[in-house]
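Trainee: Hey, got a minute? I've got a fold open and I'd like to talk it through with you.
Mentor: Sure, put it up.

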Amino acid sequence: MAPYRVFEEYNIKITDEIKSKYRDVITELGEDVEREGLVKTPERAAKAMQFLTSGYDIDPAEILRGAMFAEDYHDMVIIKDIELYSLCEHHMLPFFGKAHIAYIPNGHIVGLSKIPRIVDVFARRLQVQERLTHDILECIDKTLKPKGVAVVIEASHMCMMMRGVQKQNSATTTSGFRGQFQKVETRTEFMNLISSKLH
């Protein structure tokens, strides 16, 4: 996925509409949108929100299909510690953490950078961690058609840390397994490998 997009790449009409709404929100909260520190905040926030939800416009399956290669490899492939940042759909506050993903090829492998890219695509939507885990799992399973796929996500949620129960040290783990990873021994090997420090 491309890095942060410059202003010219944003839809100006949509940016202006969102900016206007942010101005109203800031005003309703009791702030002065004409104050020096806030003058450009509505526009910055409008651009940031478009970036943070840019995953709606991208087909993650197409990312995988564009980098699939025939290869006679039948052992586990793991990409771990993939940073992820998303917005909780309940409060539109961030949650962030790491994804650990593995698959067992079934005639095809995929370019390693494509796995983190599809994590970004799904994370850049309004999400819940449970659905994010499922979306990534299903996309890899249906597109790559491996012998097995596993996804584990560990994340901290600002809606729990900054408001609500205000538990700053809490973390949430979700997981999903398909194919050979539903076997205890394969799943255990994966969990041991993502827990170890190999580098």
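Mentor: One term before we start: two strands count as paired if DSSP finds at least two bridges between them. Also keep in mind that this is a predicted model.
Trainee: Okay. So how many bridges join β3 to β6, and do they run parallel or antiparallel?
Mentor: There are 10 bridges between β3 and β6, and the two strands run antiparallel. For one example, isoleucine 104 has glycine 148 in β6 as its bridge partner.
Trainee: What about β6 and β7, how many bridges there?
Mentor: Eight bridges join β6 to β7, which covers residues 172–179, and that pair runs antiparallel. Valine 149 is bridged to arginine 178 in β7, and valine 151 stands opposite glycine 176 in β7.
Trainee: In what order do the strands of the sheet go?
Mentor: The order is β5-β2-β3-β6-β7, five strands in an open sheet with mixed pairing. β5 (126–127) and β7 stand at the edges with a single partner strand each, so one side of each has no neighbour in the sheet.
Trainee: And β6, is that one enclosed or out in the open?
Mentor: Largely enclosed by the rest of the structure, because nine of the 10 residues of β6 (residues 148–157) are buried.
Trainee: Where do the side chains point in a strand, generally?
Mentor: In a regular strand they alternate between the two faces of the sheet.
Trainee: Switching topic: I clicked on histidine 100. Where is that?
Mentor: Histidine 100 is in strand β3, which covers residues 94–104.
Trainee: Why does histidine 100 count as buried?
Mentor: Because its relative accessibility is 3%, and buried means under 20%.
Trainee: What does its side chain reach at 3.1 Å?
Mentor: The side chain of histidine 100 reaches the backbone nitrogen of aspartate 81 at that distance. Leaving out residues up to four places away in sequence, histidine 100 touches several others, among them Ile79, Lys80, Val151, Phe190 and Ile194.
Trainee: Tell me about aspartate 81, then. Which strand is it in?
Mentor: Aspartate 81 lies in β2, residues 77–88. Its relative accessibility is 27%, so it counts as partly exposed. Have a look at its backbone too: phi is near 60 degrees, a positive value in a residue other than glycine.
Trainee: Methionine 92 is on my list as well. What's its phi?
Mentor: Near 55 degrees, which is a positive value in a residue other than glycine. Methionine 92 sits in the loop between β2 and β3, and at 42% relative accessibility it counts as partly exposed.
Trainee: Let's zoom out. How many helices and strands does the chain have?
Mentor: Seven helices and seven strands. Starting at the N terminus, the elements go α-α-α-β-β-β-β-α-β-α-β-α-β-α.
Trainee: And what does the C-alpha trace span?
Mentor: About 60 × 40 × 30 Å along its principal axes.
Trainee: What share of the chain is buried?
Mentor: Buried residues make up 41% of the 199 residues. The accessible surface comes to about 11400 Å², with 54% of that belonging to carbon and sulfur atoms.
Trainee: Last one: how far apart are the mean positions of the positive and negative charges?
Mentor: They are 2 Å apart, for 26 positive and 28 negative charges. And on contacts: among those between residues at least 6 apart in sequence, 71% join residues at least 24 apart.
Trainee: Great, thanks!

Definitions and conventions
Residues numbered from 1 in each chain as written. Predicted model: local features only at pLDDT ≥ 70, side-chain atom pairs only at ≥ 80, totals over all residues. Heavy atoms only, no water. Helix = DSSP H or I, 4+ residues; strand = E, 2+ residues; numbered from the N terminus. Buried < 20%, exposed > 50% of the residue type's maximum accessible area, 1.4 Å probe, protein only. Polar contact = N/O pair within 3.5 Å; in protein donor to acceptor, adjacent residues only side chain to side chain. Contact = heavy atoms within 4.5 Å. Areas by Shrake-Rupley, 256 points an atom, 1.4 Å probe, with all protein chains shown as cover. Lys, Arg positive; Asp, Glu negative; His and termini not counted. Charge placed at Lys NZ, Arg CZ, Asp CG, Glu CD.
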